[in-house]
Amino acid sequence: MTPTFALQSTSSPLHVAIIMDGNGRWATRRGLPRSAGHRAGARAVRGAVEAAARDPAIAALTLYAFSADNWRRPAPEVTALFRLLARFLATEGPRCAANGVRVSVIGRRDRLPAPLVSAIAATEAATAAGSALHLRIALDYSARWAIGAGCLVPDVDLLIRTGGERRLSDFLLWESAYAELVFLDRLWPDFTVADFAGALREFHARERRFGHLPGAAAR
C-alpha cells in the first residue's frame, strides 16, 4: 500500500521534532562520564516537554532518544542509558499524566530490555487520556525501518537539532519532507526554554510555500 502524505497548513497544530544531540560531549568537556551527560539531558527533556505542553500551537513533540545505530555504542553506556530511560518514564509518567501529556514510544521494542518495555507500557497506559500534548519518544528507531514497515506518523512542521550537526541521522525522513529545519550549536543538556522559544520564533518567521510561488500559499 502506498502511504498517504497530507501536507499540513501553517494554521494547523504543530508537530515539533527534536534530535537531542550532545549529551556525551557535554559530559566530556566537564571531565565527567558520558552517563552524567545523559542524566543532564533528561533534565533538559523535562523543560522542553513542559514548554511544549504550555504552547497551545503545539500538538505533538517527538524526541529522538535512541537510534537503531546507537547499539554500536559501548555496551555499558547502552545499559546505563536504558536504565536512565526506565527511571525517567517511571518518574515523569505521573507528571505527564497530571499535565495532560500523552506519552507514546515509536520504534522497535523487541530488542529492548524487559524492565524498559514494562516502563513504556505503564507510562503509555497511565497517560493515555492526555490531550494537552502528545509526547512521542523515538527509541531503537530508524526512519528507514519505519518507512519499510509502514510505521509513518504525522508530518513534521519544525525539526530542531542541537549539538552543532547538520543532518537528520535517520530520523523521521518521510515525515520531514517539508519540515523547517533549525540547527543549534548548543549541546542538548544546555538547551533551554528560551532556545525552544527562539526556534519557534524562527519557524513562524519563515514562509512555508510547499512548492508554491512566494505568497501563493496564503492566497
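This report describes strands, salt bridges and a charged surface patch in a predicted model.

## Strands S3 and S4

Strand S3 covers residues 101-106, and five of its six residues are buried. The strand is therefore described as mostly covered. Strand S4 is formed by residues 133-141 and runs parallel to S3, with six bridges joining the two. One of the facing pairs is Arg102 and His134, the latter being the bridge partner in S4.

## Strand S2 and Leu63

Strand S2 spans residues 58-67 and contains Leu63. Leu63 has a relative accessibility of 3%, so this residue counts as buried. Its C-alpha atom is 5.0 Å from that of Ile137, although Leu63 and Ile137 are 74 residues apart in sequence.

## Strands S5 and S6

Strand S5 (residues 158-161) pairs with S6 in the parallel sense, over four bridges. Within this pairing, Ile160 stands opposite Val182 of S6.

The side chains of strand S6, residues 180-183, alternate along the strand. Glu180 and Val182 point to one face and are buried. Leu181 and Phe183 point to the other face and are not buried.

## Salt bridges at the strands

Side chains of opposite charge can pair when their charged atoms come close. The whole structure holds 19 salt bridges. One of them joins Asp21 and Arg161, with 3.0 Å between the closest N and O atoms. This pair links distant parts of the chain, 140 residues apart. Asp21 is in the loop between strand S1 (14-19) and helix H1 (23-29), while Arg161 belongs to strand S5. Both Asp21 and Arg161 are buried.

A further salt bridge is formed by the side chains of Arg208 and Glu180, at 3.9 Å from N to O. Arg208 is in the segment after helix H6 (193-205), and Glu180 is in strand S6, so far described by its alternating side chains. The two residues are 28 apart along the chain. Arg208 and Glu180 are both buried. They also belong to a network of salt bridges that links Asp157, Glu180, Glu202, Arg206 and Arg208.

## A salt bridge between helices H2 and H3

Glu50 and Arg95 form a salt bridge in which the closest N and O atoms are 3.4 Å apart. Glu50 lies in helix H2 and Arg95 in helix H3, so this salt bridge ties together parts that are 45 residues apart in sequence.

Glu50 has a relative accessibility of 28% and therefore counts as partly exposed. Arg95 is partly exposed as well, because its relative accessible area is 34%. Both values fall between the 20% limit for buried residues and the 50% limit for exposed ones.

## The positive patch

Arg39, Arg43, Arg83 and Arg87 form a positive patch on the surface. Helix H2 (34-54) and helix H3 (75-98) each give two or more residues to this patch.

Arg39 is placed in helix H2. With 39% relative accessibility, Arg39 counts as partly exposed. Helices H2 and H3 thus appear twice in this report: in the salt bridge of Glu50 with Arg95, and as the elements that contribute two or more residues to the positive patch.

How values were computed
Residues numbered from 1 in each chain as written. Predicted model: local features only at pLDDT ≥ 70, side-chain atom pairs only at ≥ 80, totals over all residues. Heavy atoms only, no water. Patch = residues over 30% accessible without salt bridge, like charges linked within 9 Å, V, L, I, M, F, W, Y side chains within 5 Å. Areas by Shrake-Rupley, 256 points an atom, 1.4 Å probe, with all protein chains shown as cover. Salt bridge = Lys/Arg side-chain N within 4 Å of Asp/Glu carboxyl O. Lys, Arg positive; Asp, Glu negative; His and termini not counted. Charge placed at Lys NZ, Arg CZ, Asp CG, Glu CD. Buried < 20%, exposed > 50% of the residue type's maximum accessible area, 1.4 Å probe, protein only. Pairing = 2+ DSSP bridges.
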